[in-house]
Amino acid sequence: MRMGNSNKEFIEVLEQCEIFKGVERNCIEEVVRNAKIERYKAKELVRMRGDECNELLFLVEGEALGLFTNPEGRVLQIDHMFAPKLLAAAIIFSADAKYPVDVETVRSSVFLNLDKNFFVSLMMKNERLLRNYLRYVSDAFTFVTDRFYEITMKNLVQKVCSYLIRLMNEQGSSIVTMDMSKEEIAREFGATRPALSRVFIELEKLGIIEMDGKKVRIRNERYVRDYAEFE
């Protein structure tokens, strides 16, 4: 059976995807033949958080965002995805496989939807594909944990800056005395003491503050105020 031009383009794109690096072309052709094509315009919702994830969804053209909306309606961008990209790689084979975020296109985009049981049969026949997938899932997990750490640290820096602003307002000076120990501050912020200490050390390295025991000199008040008000 002859392949259409679009199928050939999809094959060439998937060849650049990490999962298919070093995998024989006929295996990738089989993927494309058995996949359903989904096309979306810009700013369209592809999947919603909580939707069942019973497929492998490959972004083969365009770009999309992984977005998380909290109960207050605040939107947090978790990932910015460019073709070629497999979505939700670490979720697909979980016991309760559901999309963890909303997926929204940035511009016109094309996805290939492949049945996960069919993909399992391919991996059972192709060791290279299996190893690539396992590495991809491990890398995806590393990305998520790194992103979570980044978000957590950003929130902690914001809390520290808000605390310093409160002390400046109360004490009427840019040189303030902390009214709690770091352990007490960490408990109030819902953080560990080492994590809190890292924030103070990083702010000192950046020249934002100077520490001397419980005394803190705020050298860059603009930075502290801007970060405290960051949304």
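**Salt bridges, strand pairing and cysteines in a predicted model**

In the structure, which is a predicted model, the side chains of Lys 98 and Asp 96 come together in a salt bridge, with a distance of 3.2 Å from N to O. The two partners are not equally classed in terms of solvent accessibility, since Lys 98 is partly exposed with a relative accessible area of 32%, whereas Asp 96 counts as exposed at 53% relative accessibility. Side chains of opposite charge can pair when their charged atoms come close. A search of the whole structure finds 15 salt bridges, and several of these are described here.

A salt bridge also joins the side chains of Asp 79 and Lys 85, at 4.0 Å from N to O. In this pair Asp 79 counts as buried, at 17% relative accessibility, because buried means under 20% relative accessible area, while Lys 85 is partly exposed, with a relative accessible area of 26%. Another salt bridge is formed by Arg 217 with Glu 210, where the closest N and O atoms are 3.8 Å apart. Here Arg 217 counts as partly exposed at 41% relative accessibility, and Glu 210 is likewise partly exposed, its relative accessible area being 32%. Salt bridges can also be linked into a network, as is found for Glu 15, Arg 25 and Glu 29.

The pairing of strands was examined around strand β4, which spans residues 63-69 and is mostly covered, five of its seven residues being buried. Strand β4 pairs with strand β5 (residues 75-82) in the antiparallel sense, over seven bridges, and within this pairing Phe 68 stands opposite Leu 76 in β5. Strand β4 also pairs with strand β7 (residues 102-105), again in the antiparallel sense, over four bridges. In this second pairing, the bridge partner of Leu 65 is Glu 104 in β7.

Residues of the β7 region appear again in the surroundings of Glu 44, a residue that lies in the loop between β1 (36-40) and β2 (45-47). When its neighbours within four places in sequence are left aside, Glu 44 is in contact with Val 103, Glu 104 and Thr 105. Glu 44 itself counts as partly exposed, at 32% relative accessibility. A separation both in sequence and in space is seen for Glu 44 and Asn 126, which are 82 residues apart along the sequence and 35 Å apart from C-alpha to C-alpha.

The cysteines were considered last, and the count of disulfides comes to zero. Why do Cys 17 and Cys 27 form no such bond? The sulfur of Cys 17 has its closest cysteine sulfur in Cys 27, at 12 Å, which is too far for a bond, because a disulfide requires a pair of cysteine sulfur atoms within 2.5 Å. The relation holds in the other direction as well, as the cysteine sulfur closest to that of Cys 27 is in Cys 17, at 12 Å and too far for a bond. Both residues are nevertheless covered, with Cys 17 buried at a relative accessible area of 2% and Cys 27 buried at a relative accessible area of 6%.

Key
Residues are numbered from 1 along each chain as its sequence is written. This is a predicted model: local features need pLDDT of at least 70, side-chain atom pairs count only at pLDDT 80 or more; totals for chains, interfaces and linings use all residues. Side-chain values use heavy atoms; hydrogens and water are left out. Buried means under 20% relative accessible area, exposed over 50%, partly exposed in between (1.4 Å probe, protein chains only). Helices (H or I, at least four residues) and strands (E, at least two) are DSSP runs, numbered from the N terminus. Two strands pair if DSSP finds at least two bridges between them. Contact means heavy atoms within 4.5 Å.
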